[in-house]
Amino acid sequence: MNTQFIFDNLFYFPLFVVVVLAIYLIQFCSCISPSRIEFDGDSKKEMSIMNRYNVMSENVFSLYLGCIFAGLVVAIFVQSTFILILLMFMQLVYLLPVGFVMLAMYGRSKRYWEQKAIDTLHHEYI
């Protein structure tokens with residue numbers, strides 16, 4: 001293995017770590033992450049949605065990590081800066097749809113709980 005390739009691209013390797021950590025924090029520790037969205041435990045439909053959403057998000061993140069690490073290994077063995085740049089682009093491509101889905105689920109959950117609160121208040125006054 002040519003260590004010159006690693007030294008020439010030393011900028012990319014810490015950047016990968018930072019981007020992967022940032023994506024992890026967004027996906028699992030932010031207010032829009034699947035683990036922070038509240039679902040109604042009394043509703044079978046809500047629990048079904050929650051289970052599918054949580055399993056899907058964890059599987060997609062695992063697949064993302066596998067692809068990134070496999071790409072890094074290939075880039076190091078092939079000594080290709082192009083593959084490293086392509087991997088950075090793939091991370092952006094991953095973050096956009098996943099971020100959109102998380103925001104959509106967060107908005108859906110927020111609307112659900114607001115409507116449930118309105119319905120509860122309405123039934124208390126009747």
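Here are some worked exercises on this structure, which is a predicted model.

**Exercise 1. Packing of helix 2 and helix 3**

Task: Work out how helix 2 and helix 3 are oriented relative to each other, and which residues make their contact.

Solution:
- Step 1. Two packed helices can be described by the angle and the distance between their axes.
- Step 2. Helix 2 covers residues 12-29 and helix 3 covers residues 44-78; their axes come within 12 Å and cross at roughly 180°.
- Step 3. Angles over 145 degrees count as roughly antiparallel, so helix 2 is roughly antiparallel to helix 3.
- Step 4. On the helix 2 side, the contact is made by F13, F16, V20, I23, Y24, Q27 and F28. Helix 3 contributes S57, E58, F61, Y64, L65, I68, L72 and I76.

**Exercise 2. Two residues of helix 4**

Task: Decide whether Q91 and L87 are buried or exposed, then list what they touch beyond their sequence neighbours.

Solution:
- Step 1. Q91 lies in helix 4, and L87 is found in helix 4.
- Step 2. The cut-off for buried is under 20% relative accessible area. Q91 has 2% relative accessibility, so Q91 is buried. L87 has a relative accessible area of 3%, so L87 is buried.
- Step 3. Leaving aside neighbours within four places in sequence, Q91 is in contact with F16, V19, V20, I23, Y64 and I68.
- Step 4. With the neighbours within four places left out, L87 is in contact with F16, C67, I68, G71 and L72.
- Step 5. Now link this to Exercise 1: F16 and I68, which take part in the contact between helix 2 and helix 3, appear in the list for Q91 and in the list for L87.
- Step 6. For a distance to check in your viewer, take L87 and G41: they are 46 residues apart in sequence and 39 Å apart in space, C-alpha to C-alpha.

**Exercise 3. A nonpolar patch**

Task: Find which residues make the nonpolar surface patch that includes L86, and classify the exposure of L86.

Solution:
- Step 1. The patch is made by F82, L86, F89, M90, L92, V93 and L96, with an area of about 700 Å².
- Step 2. L86 is found in helix 4, which spans residues 81-125.
- Step 3. L86 has 39% relative accessibility, so L86 counts as partly exposed.

**Exercise 4. From helix 3 into helix 4**

Task: Walk through V78, Q79 and T81, giving the place and exposure of V78, Q79 and T81.

Solution:
- Step 1. V78 lies in helix 3 and counts as exposed, at 53% relative accessibility. Its C-alpha is 9.7 Å from that of F5, 73 residues away along the chain.
- Step 2. Q79 sits in the loop between helix 3 and helix 4 and is partly exposed, at 33% relative accessibility. Look at its backbone too: Q79 has a positive phi of about 60° although it is not a glycine.
- Step 3. T81 belongs to helix 4 and is partly exposed, with a relative accessible area of 31%. Neighbours within four places aside, T81 is in contact with F5, N9 and Y12.

**Exercise 5. A contact across the sequence**

Task: Show which residues I49 contacts, and how far its C-alpha is from that of M105.

Solution:
- Step 1. I49 is in helix 3 and is buried, with a relative accessible area of 17%.
- Step 2. Beyond neighbours within four places in sequence, I49 is in contact with F39, M105 and R108.
- Step 3. I49 and M105 are 56 residues apart along the chain, and their C-alpha atoms are separated by 9.9 Å.

Notes. Residues numbered from 1 in each chain as written. Predicted model: local features only at pLDDT ≥ 70, side-chain atom pairs only at ≥ 80, totals over all residues. Heavy atoms only, no water. Patch = residues over 30% accessible without salt bridge, like charges linked within 9 Å, V, L, I, M, F, W, Y side chains within 5 Å. Areas by Shrake-Rupley, 256 points an atom, 1.4 Å probe, with all protein chains shown as cover. Salt bridge = Lys/Arg side-chain N within 4 Å of Asp/Glu carboxyl O. Helix = DSSP H or I, 4+ residues; strand = E, 2+ residues; numbered from the N terminus. Buried < 20%, exposed > 50% of the residue type's maximum accessible area, 1.4 Å probe, protein only. Axes fitted to C-alpha atoms, helices over the stretch in contact; angles between N-to-C directions. Parallel < 35°, antiparallel > 145°, perpendicular 65-115°, else oblique. Contact = heavy atoms within 4.5 Å.
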